[in-house]
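Visitor: I have a sequence and a model in front of me, and I would like to go through the fold with someone who can answer questions about it one at a time. Could we begin once the structure is on the screen?

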Amino acid sequence: TAILMEASSGSVLWEKNADELRAPSSMMKLMTVEVVFNAIKEGKVKLTDEYRISENAWRKGGAPAGGSTMFAILNSKVSVDDLLKGAIIQSGNDSCIALAEGMAGNERIFAADFLTKRARELGMTKSTFGNSNGLPDPANRMTVRELAKLARHLILTYPDMYKLFGEREFTWNKIRQQNRNPLLNTLNGADGLKTGFTKEGGYGMVGSAVQNDTRLIVVINGIEDPDDRASEAKKMLEWGFRNFETRTLFAANQPVGYAKVFGGESRSVKLSSPTPVK
């Protein structure tokens with residue numbers, strides 16, 4: 001399943017089985033990250049708040065689990081800022097569980113009351129969530145179209161926080177880890193977002209890059225080989241940049257048309273957009 005979208009307009013440039021629900025694997029962490037970003041924006045959570053690494057977070061998402069982890073220490077307290085870096089840069093399962101437990105008390109409540117509720121608010125009507133990180137769970141289901149919508153929302157709504165996705169590495173507990181996104185090193189202008197893999201879902205990726213003032217978002221899922229995932233995502237983005245361009249139709253505040261006015265000082269008013277229409 002795959003989709004290629006232009007970020008500013010949300011125009012879909014190419015798609016394949018884009019509405020098929022599949023296991024999103026670690027790409028689902030984008031939903032957890034959005035919930036935290038939104039809570040920070042609303043003043044409900046601060047980057048300096050600290051959450052404890054529970055035995056559950058450590059056992060299921062930390063070093064003992066053998067999956068992607070930020071290597072947070074059992075019973076340690078970690079700031080929301082560092083947990084976000086662990087979730088975004090290293091795809092830490094422990095980071096996501098700690099955020100979920102810190103905000104909702106436990107992961108189940110977080111999945112139902114925070115993730116699902118917020119997804120519906122953002123117009124994602126199909127996605128369902130069973131945990132905070134995309135580890136195998138029959139309830140974890142997303143479409144590539146909704147993942148692309150989510151990526152677009154993250155990019156446009158939180159430009160400052162979005163910069164975390166382009167960070168190349170993060171060190172925690174004296175363990176330095178590289179960002180898992182292969183696009184960052186292979187495609188000009190690439191700055192996000194997330195890779196994912198589970199046996200059930202296959203290899204997937206949400207990627208984004210900017211070239212010539214145009215930002216494209218690619219989402220693919222269900223690929224059998226990690227190298228193919230990287231090359232297919234790159235190929236789709238390059239195809240998009242080659243075949244499409246952004247043109248300005250109307251400059252900012254340039255009249256686009258006129259609306260009739262009844263009983264006003266003049267018979268019509270100019271209509272314009274505060275930002276360029278591209």
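Visitor: How much space lies in the largest cavity?
Guide: Please keep in mind throughout that this is a predicted model. The structure holds one cavity of 30 Å³ or more, and its lining is made up of A23, P24, S25, G134, L135, P136, D137, N140, T198 and E200. The space in this largest cavity comes to about 40 Å³.

Visitor: T198 and E200 are in that lining, so is K199, in the loop between β7 and β8, buried or exposed?
Guide: K199 belongs to the loop between β7 and β8, and its C-alpha is 9.4 Å from that of A23, although 176 residues separate the two in sequence. The relative accessible area of K199 is 83%, and a residue counts as exposed over 50%. K199 is therefore exposed.

Visitor: Turning to the open spaces, which element gives the most residues to the lining of the largest pocket?
Guide: The largest pocket has about 410 Å³ of space, and among its 25 lining residues S26, S68, R180, G196 and F197 are the closest to its centre. Two elements, β7 and α9 (226-243), give two or more residues to this lining. The element that gives the most, with five residues, is β7.

Visitor: Which strands stand at the edges of the five-stranded sheet?
Guide: The five strands form an open sheet with antiparallel pairing, in the order β2-β1-β9-β8-β7, and the twist from one strand to the next averages 5°. Two of these strands have a single partner each, so one side of each is left without a neighbour in the sheet. These edge strands are β2 (12-16) and β7 (190-198).

Visitor: Within that sheet, which residue is the bridge partner of L4 in β2?
Guide: β1 is joined to β9 by five bridges in the antiparallel sense, and there L4 stands opposite V218. β1 also pairs with β2, again antiparallel, over four bridges. In β2, the bridge partner of L4 is W14.

Visitor: What angle does the direction of α6 make with that of β9?
Guide: Helix α6 packs on the sheet and touches β1, β2, β7, β8 (202-211) and β9. The angle between the direction of α6 and that of β9 is about 145°.

Visitor: In the largest nonpolar core, which residues touch the most other members?
Guide: This core has 55 residues, and the elements that each supply at least two of them include α1 (29-41), α3 (80-89) and β9 (214-223). One of its members, L84, is in contact with V33, V36, F37, I40, L47, L99, M161 and L164, leaving aside neighbours within four places in sequence. The residues touching the most other members are F37, L84, F165 and L193.

Visitor: Is N38, in helix α1, buried or exposed?
Guide: N38 has its place in helix α1 and touches R118 and Y158, not counting residues up to four places away in sequence. Its relative accessible area is 13%, and under 20% a residue counts as buried. N38 is therefore buried.

Visitor: How far apart in space are A18 and V219, C-alpha to C-alpha?
Guide: A18 is found in the loop between β2 and α1, where it is buried with a relative accessible area of 3%. Beyond its neighbours within four places in sequence, A18 is in contact with A2, I3, T143, V144 and R145. A18 and V219 are 201 residues apart in sequence, and the distance in space between their C-alpha atoms is 9.2 Å.

Visitor: Which peptide bond is cis, with omega near 5°?
Guide: Most residues other than glycine have a negative phi, and most peptide bonds are trans. The bond in question leads into L193, a residue of strand β7. With omega near 5°, the cis bond is the one from G192 to L193.

Visitor: What value does phi of N253 take?
Guide: N253 lies in the loop between α9 and β10 (257-260), and it is exposed, with a relative accessible area of 56%. Its phi is positive, in a residue other than glycine, with a value near 65°.

Note on methods:
Residues numbered from 1 in each chain as written. Predicted model: local features only at pLDDT ≥ 70, side-chain atom pairs only at ≥ 80, totals over all residues. Heavy atoms only, no water. Core = buried A, V, L, I, M, F, W, Y, C linked by side-chain atoms within 4.5 Å. Buried < 20%, exposed > 50% of the residue type's maximum accessible area, 1.4 Å probe, protein only. Contact = heavy atoms within 4.5 Å. Pairing = 2+ DSSP bridges. Axes fitted to C-alpha atoms, helices over the stretch in contact; angles between N-to-C directions. 1 Å grid on protein atoms, 1.4 Å probe; cavity = no way out; pocket = protein on both sides within 12 Å on 5 of 7 lines; lining within 4 Å. Points joined across faces, edges and corners; volume = space filled by probe spheres on them.
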